[in-house]
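Reader: Could you take me through one part of this model, the surroundings of the ligand, and then show me some of the architecture beyond? I would enjoy a connected account.

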Amino acid sequence: MTTTLWVEASPKGDAALSSQLAQAYLEGQDYERFSVWGEDVLRFGRDAAIAKFAPLFGESVTDEQQAIWQQVLDEIERVRRFDRLVVSAPMWNWHVPHALKAWIDVIVQPIASFTLNDKGEHVGTLGEGKPLQLILTRSSAYDGRHAELQDFQRPYLEYVFGMLGYQVETLVIEPTTRWTPAEREQMRTEAMASVRALAE
Ligand SMILES: Cc1cc2nc3c(=O)[nH]c(=O)nc-3n(C[C@H](O)[C@H](O)[C@H](O)COP(=O)(O)O)c2cc1C
């Protein structure tokens, strides 16, 4: 049986369009739901940042730094146990919500989740070709018609998870802001239909 980790980046829970789409995509399947907004999600702070580079500089680390580093490695190993990832995220200020970026800062680590080959290219050691579905929402249309609308959400997520070795597929739902309830309902129905079609 395929095991799936759903990484949920909207703090709105079941009220989030991106979360509703992920749930429709995963309907009838077994999966583990993981909100990056959870209180117990590991944070990568001072000790972790020192521990990350200490070996490269030949410096020793404190017991606390060693302990936090072990938690970072444990989180990477937790993710590695899944056969597939689904990442749902709204766009926040042209990028991803900070809690998703904070979690990415935990799981992106040299050797443990990626390395370099002899040509200096990134090779993922976490994804190893496993599928990862991105389900992304945003209120505006990033179709190149407005130069001031720059999308750092989709390219960043595709880049970082591709670099970790995942086979990334992307579904984008935009623009999600509609002014009447009827228009909003229509948009939601169409978005649900796209994600169900993708699931099939
Ligand atoms: C803090 C915040 C920042 C946002 N920034 C953008 C943005 O830069 N561009 C955009 O198109 N939409 C932006 N939005 C709108 C959301 O991306 C949009 O409403 C999305 O559909 C919400 O998804 P969710 O219901 O899954 O949380 C922002 C929303 C919030 C709450």
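Author: Happily! Of the 16 residues around the ligand, those that come nearest are S10, A16, S18, P90 and T176; a residue is near a molecule if its C-beta atom, placed from the backbone, lies within 6 Å of it. This is a predicted model, in which local features need pLDDT of at least 70 and side-chain atom pairs count only at pLDDT 80 or more, while totals for chains, interfaces and linings use all residues. Residues are numbered from 1 along each chain as its sequence is written.

By type, the shell around the ligand holds 6 nonpolar, 8 polar and 2 charged residues (Ala, Val, Leu, Ile, Met, Phe, Trp, Tyr, Cys and Pro count as nonpolar, Asp, Glu, Lys and Arg as charged, and the others, Gly among them, as polar). Helix α1, residues 17–25, gives the most to this shell, with 3 residues. Helices (H or I, at least four residues) and strands (E, at least two) are DSSP runs, numbered from the N terminus.

Now to a pair of helices. The axes of α2 (residues 46–57) and α3 (residues 63–80) come within 8 Å and cross at roughly 85°; axes are lines fitted to C-alpha atoms, for helices over the stretch in contact, with angles running from 0 to 180 degrees between N-to-C directions. That angle makes α2 roughly perpendicular to α3, a label for 65 to 115 degrees. On the α2 side, D47, A48, I50 and A51 make the contact, and α3 brings E64, Q65, Q66, I68, W69 and V72 (C-beta atoms, placed from the backbone, within 7 Å). The residues of this contact divide into 6 nonpolar, 2 polar and 2 charged.

Key. Parallel < 35°, antiparallel > 145°, perpendicular 65-115°, else oblique. Contact = placed C-beta atoms within 7 Å.
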